[in-house]
Number of protein chains: 2
Amino acid sequence: MRADAQRNIDALLEAAKTVFATSGVDAPVREIAEMAGVGVGTVYRHFPQRADLVAAVFRREILACADAAPVLAAEHGPGEALALWMQRFAAFIATKRGLATALYSGDPAFESLPAYFEAHLVPALEGLLAAAVAAGEVRDDVGTSELMNAVGGLCMQAQKDKPGQSDRMVALLIDGLRYGAGRSSGKP
Amino acid sequence: MRADAQRNIDALLEAAKTVFATSGVDAPVREIAEMAGVGVGTVYRHFPQRADLVAAVFRREILACADAAPVLAAEHGPGEALALWMQRFAAFIATKRGLATALYSGDPAFESLPAYFEAHLVPALEGLLAAAVAAGEVRDDVGTSELMNAVGGLCMQAQKDKPGQSDRMVALLIDGLRYGAGRSSGKP
DNA sequence: CACTTATACGGAACATTGTTCCGTTTAGCA
DNA sequence: TGCTAAACGGAACAATGTTCCGTATAAGTG
């Protein structure tokens with residue numbers, strides 16, 4: 001692959017990420033092309049359909065989010081790493097206005113995203129959660145998928161309201177996890 | 001209001017209902033105008049925004065569905081009326097590809113729809129369900145909203161698959177209601 | 001019934017946006 | 001340095017929401 005092609009792909013993904021976070025995933029292709037400093041022809045050369053670019057950005061950010069897990073685990077204690085990652089995950093969701101709609105649109109370009117989610121994010125959380133449970137820092141009666149869905153739903157709802165609400169809600173959830181630390185189930 | 005104006009509004013709502021059921025709520029305005037036998041200018045005279053037409057069709061069909069409840073209740077026994085209405089409700093959802101997406105789009109034109117739902121459909125089901133419970137034809141431990149959401153979710157999922165699946169699934173749900181008739185809760 | 005006018009109508013024209021096409025430029029190589 | 005396949009840019013096309021305005025007409029009025 002030619003060096004300029006790779007450069008442009010990177011620039012496009014970066015620009016798209018920014019534009020999507022600002023204007024939602026429905027932003028015009030031209031706007032993304034302009035911010036990346038390329039022509040629309042270049043966009044379509046690398047991403048035959050608009051949706052392919054959207055999916056590529058999602059995949060890239062899912063990976064980035066998943067990759068943060070081992071780093072956080074290495075730099076912090078198990079409970080702290082779990083908390084930080086959940087905030088990181090919440091921040092990821094927050095920049096995805098229109099994600100749910102896109103996922104349910106039936107567009108084939110998005111078909112692989114749920115699997116990508118499952119393949120990368122669930123294991124990432126799984127590891128952090130298991131470590132935190134093993135360290136006795138959080139309760140052990142909450143499932144990984146359950147927790148992910150909770151955070152996801154929380155952020156989707158919170159998007160409509162004031163910014164910062166997601167953070168507080170997720171923090172609340174984390175405190176809930178810590179509250180029953182070392183217990184099997186039931187209220188303390 | 002001039003007679004031709006009212007006539008065109010009716011024709012537009014009817015045409016839109018048909019087109020939405022066939023092509024989804026994203027169908028072009030021109031297509032609806034043509035089927036109604038009017039120009040696009042007429043559409044926008046009565047519905048300033050495309051979304052207003054969509055919302056009007058939804059409201060109209062919600063009303064029609066709610067109005068069917070007392071009719072069914074008068075013509076059939078309580079259990080049968082409940083079953084028929086649930087099928088009717090399922091049929092309504094089935095013609096609404098894109099409803100969920102529209103509802104979550106954030107468009108102000110759709111903001112009032114959930115309230116409309118709550119104000120008309122929930123009471124309609126409430127009455128039928130209560131009557132059927134009172135007659136001892138169905139179990140009494142299922143809530144109205146719960147049941148509506150179940151049917152709604154069922155149909156949303158079933159839309160992607162073979163036609164007729166919704167009907168069978170709803171029928172299954174109804175049999176489930178009947179199975180525990182006269183009991184308070186728990187499995188038989 | 002003829003006349004008048006406010007109302008409504010139709011569809012061409014405009015604006016936005018996804019997508020395609022092709023003449024021009026350039027990276028990588030011999 | 002010169003060649004060529006790959007990549008680029010942006011004009012042009014297509015689809016669709018929306019606006020505008022000249023024309024037609026419903027419904028009063030004399």
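Which side chain has an N or O atom 3.4 Å from a base nitrogen of DNA strand D? Here are some notes to help you find your way to that and other features.

1. Before you start: this is a predicted model, in which local features need pLDDT of at least 70, side-chain atom pairs count only at pLDDT 80 or more, and totals for chains, interfaces and linings use all residues. Residues are numbered from 1 along each chain as its sequence is written, chains are lettered from A and ligands numbered from 1 in the order in which they are written, and side-chain values use heavy atoms, with hydrogens and water left out.

2. The opening question leads to A:R30, whose side chain holds that N or O atom. It is a polar contact (a pair of N or O atoms within 3.5 Å). Two others involve the phosphates: a polar backbone atom of A:G39 is 3.0 Å from a phosphate oxygen of DNA strand D, and a polar side-chain atom of B:Y44 also lies 3.0 Å from a phosphate oxygen of this strand.

3. Looking around DNA strand D, you will find 24 residues, of which A:R2, A:N8, A:G41, A:T42 and B:R30 come nearest. Sugar and phosphate make up 61% of the strand's atoms that come within 4 Å of the protein. A residue is counted here if one of its heavy atoms lies within 4 Å of the strand.

4. Which helix gives the largest share of the surface near DNA strand D? That is α3(A), with five residues. At least two residues each come from α1 (3-23) and α3 (40-46) of chain A, and from α1 (3-23), α2 (29-36) and α3 (40-46) of chain B. Helices are DSSP runs (H or I, at least four residues), numbered from the N terminus. By type, this surface has nine nonpolar, seven polar and eight charged residues.

5. For the interior, a search of the whole structure finds one cavity of 30 Å³ or more. A cavity is a set of points on a 1 Å grid over the protein atoms alone where a 1.4 Å probe fits but cannot get out; lining residues have an atom within 4 Å of a point. The largest has a volume of about 30 Å³, and its lining includes B:F58, B:I62 and B:F92. The lining divides into seven nonpolar, no polar and no charged residues.

6. Finally, chain A is divided into domain 1 (1-48) and domain 2 (51-179), with C-alpha centres 25 Å apart. Between them, 15 residues of domain 1 are in contact (heavy atoms within 4.5 Å) with 11 residues of domain 2.

Notes
Polar contact = N/O pair within 3.5 Å; in protein donor to acceptor, adjacent residues only side chain to side chain. Nonpolar A, V, L, I, M, F, W, Y, C, P; charged D, E, K, R; others polar. 1 Å grid on protein atoms, 1.4 Å probe; cavity = no way out; pocket = protein on both sides within 12 Å on 5 of 7 lines; lining within 4 Å. Points joined across faces, edges and corners; volume = space filled by probe spheres on them. Domains from an automatic or database assignment.
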